[in-house]
Amino acid sequence: MANYTILERYQKVFEKDRELAERANYIFPDGVTHDSRYTDPFPVYIDRAQGARKWGLDGVEFIDYWSGHGALLLGHSHPEIVEAVTHQMSRGTHYGASHPLELEWASLVMELVPSAERVRFVGSGTEATLMAIRLARTYTGKNKVLKFAGHFHGWHDSVILSVNPPYDAPVPGIPKGLIDATVVCPPNDIDAVERCLQSDPDIACLIVEPTGASFGVIPTNGEFLRQLRGLTQDYSVILIFDEVISGFRVSPGGAQGYYQITPDLTTLAKILAGGLPGGAVVGKKEILNLISIREEKASQRGKKMPHPGTFNANPLSASAGIAMLKIVKTGIPHEQVNRTAAMLRNGLNEVIDQHGLDWAVYGEFSGVKFLIGHGDAELRAADFDPYTWDYRTLKGGSNAELTKNLRCGMLLNGIDIAGNGGMTMAAHTEEDVQQTIAAFDQTIEWMKADELI
Ligand SMILES: Cc1ncc(COP(=O)(O)O)c(C=O)c1O
């Protein structure tokens, strides 16, 4: 197919995927089931997965860096998780009752996550941040949420503003009252945070991704988190670490364990439930107890904060979560994912520099972030320091046409990595990393042949 462009090749090689996508367009808006899975011209379809690999239609093989949107720390279908879930499946998936597994699951969470004095399981990361914010409002009697531009906390009304560029645009469907109740600060700007806290006594909580927006696309650091801890204490504002993606990934105790900073509340999901759906809010006993019926009866305070949820702590997710957290506890996967991610970032940056492109690959821990076409032709990719770049360039500054061709070219070369990067899993080997670097090099060659760069 030497004479075809990347996009023409994509249409030919993934012809069966295109047929499915055409059917999907009559079923789902855009033919997909998650905004991030939207792919132009159409997505590939995955049939099965194992370890670091996924197989598409006709057995086409990919090395996977989506890592289950971050839910898979170990790899696909890890044998211990498969065994635990298979065993549980035949014993029942929903008892509509308390069960021993929820205790074991929560005990592991309390052992690993420093802020976890109490635990409440929920259905997803979005539910977790929704609950944490409502707890903060109930506890403080105040209304507003302070969040950072670019930081993602799920898709409910209080947090969906200012996630993607243009950061100051309204999001459809959010009532004006809630827009007014969401205060947005630029990331990593402690003076802006202090000004907001000083001028607005109605701020109930500050929510932050402790590794920075979208697991480090706009990174942040321990010093900033320490300053946030200090300011929120000074102004009696609840500090929420949204560890839905960083929890159990950055270290067994998440980012708070790594940086040794303890928030008031923490939201968890993804790895928590071992690759199955599930989430949790953990934190100070006196805050979590606002959902306690017993406490409500014992005290003279007003009504308790309601919290139902059909799939809270369901036994299937609990079984997967327990198997996962037992492995997380060893700390071994974290060393592996961080090492392979660093190797991958370095290798990709070498390729970028060999080709003399104004691209960069950066990230911390298991994160591999792409910035495609930043405009500084003099800067070596290896020297790229995201802290010196405007957040609007880091998240939203990549060239859309190049990103699309890179994504399609990488898929054609057997690598499934999103246009803005991905995450490593413990199942990734050094050979996988080398194969990915070679695929990147080949894709860049094709992009040059297509006169895109
Ligand atoms: C930091 C963070 N918070 C919240 C969420 C939302 O979680 P869920 O997709 O389980 O609703 C995500 C999902 O990617 C996330 O990364």
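Trainee: Where is H69 found in the chain?

Mentor: In this predicted model, H69 sits in the loop between strand 3 and helix 3 (79-89). Its backbone deserves a look: H69 has a phi near 55 degrees, a positive value in a residue other than glycine.

Trainee: In the hairpin of strand 1 and strand 2, which residue takes a positive phi?

Mentor: G51 does, with phi near 60 degrees. That hairpin has two residues between the strands. Strand 1 and strand 2 (residues 53-56) run antiparallel and are paired over four bridges. One pair to locate is Q50 with R53, its bridge partner in strand 2.

Trainee: What is the strand order of the open sheet?

Mentor: The order is 1-2-3-14, so numbered by a convention that counts strands from the N terminus. The sheet has four strands and mixed pairing. At its edges are strand 1 (46-50) and strand 14 (415-416), each of which pairs on one side only.

Trainee: In which sense do strand 3 and strand 14 pair?

Mentor: Strand 3 (residues 61-64) pairs with strand 14 in the parallel sense, over two bridges. To find the place, look for I63, whose bridge partner in strand 14 is I415. As for side chains, the general idea is that in a regular strand they alternate between the two faces of the sheet.

Trainee: Which peptide bonds should I check for the cis form?

Mentor: Look at two prolines. The bond from D40 to P41 is cis, with omega near 15 degrees, and P41 lies in the loop between helix 2 (15-24) and strand 1. P165 and P166 are also joined by a cis peptide bond, here with omega about -5 degrees. P166 belongs to the loop between strand 5 (144-148) and helix 6 (176-180).

Trainee: What does D40 form with K404?

Mentor: The general idea is that side chains of opposite charge can pair when their charged atoms come close. In this case K404 and D40 form a salt bridge, with the closest N and O atoms 2.9 Å apart. K404 is in helix 16 (residues 400-412) and D40 is in the loop between helix 2 and strand 1, so the pair ties together parts that are 364 residues apart in sequence. The count for the model comes to 16 salt bridges.

Trainee: How many salt bridges are there between domain 1 and domain 2?

Mentor: Zero. Start with the bounds: the domain assignment gives domain 1 as 6-76 + 332-449 and domain 2 as 79-328. Their C-alpha centres lie 28 Å apart. The contact takes 25 residues from domain 1 and 33 residues from domain 2.

Trainee: How much area is buried between domain 1 and domain 2?

Mentor: About 2,400 Å², with carbon and sulfur atoms giving 65% of it. On the domain 1 side, F365, Y391 and K395 supply 31% of the area buried against domain 2, more than any other three residues.

Trainee: How many residue pairs are in polar contact between domain 1 and domain 2?

Mentor: There are 14 such pairs, counted where both residues have pLDDT 80 or more. On the side of domain 1 that touches domain 2, the elements giving two or more residues are helix 14 (332-355), strand 13 (367-372) and helix 15 (391-394). The residues of that side divide into twelve nonpolar, nine polar and four charged.

Definitions and conventions
Residues numbered from 1 in each chain as written. Predicted model: local features only at pLDDT ≥ 70, side-chain atom pairs only at ≥ 80, totals over all residues. Heavy atoms only, no water. Domains from an automatic or database assignment. Contact = heavy atoms within 4.5 Å. Buried area = accessible area lost by both parts, 1.4 Å probe. Salt bridge = Lys/Arg side-chain N within 4 Å of Asp/Glu carboxyl O. Polar contact = N/O pair within 3.5 Å; in protein donor to acceptor, adjacent residues only side chain to side chain. Nonpolar A, V, L, I, M, F, W, Y, C, P; charged D, E, K, R; others polar. Pairing = 2+ DSSP bridges.
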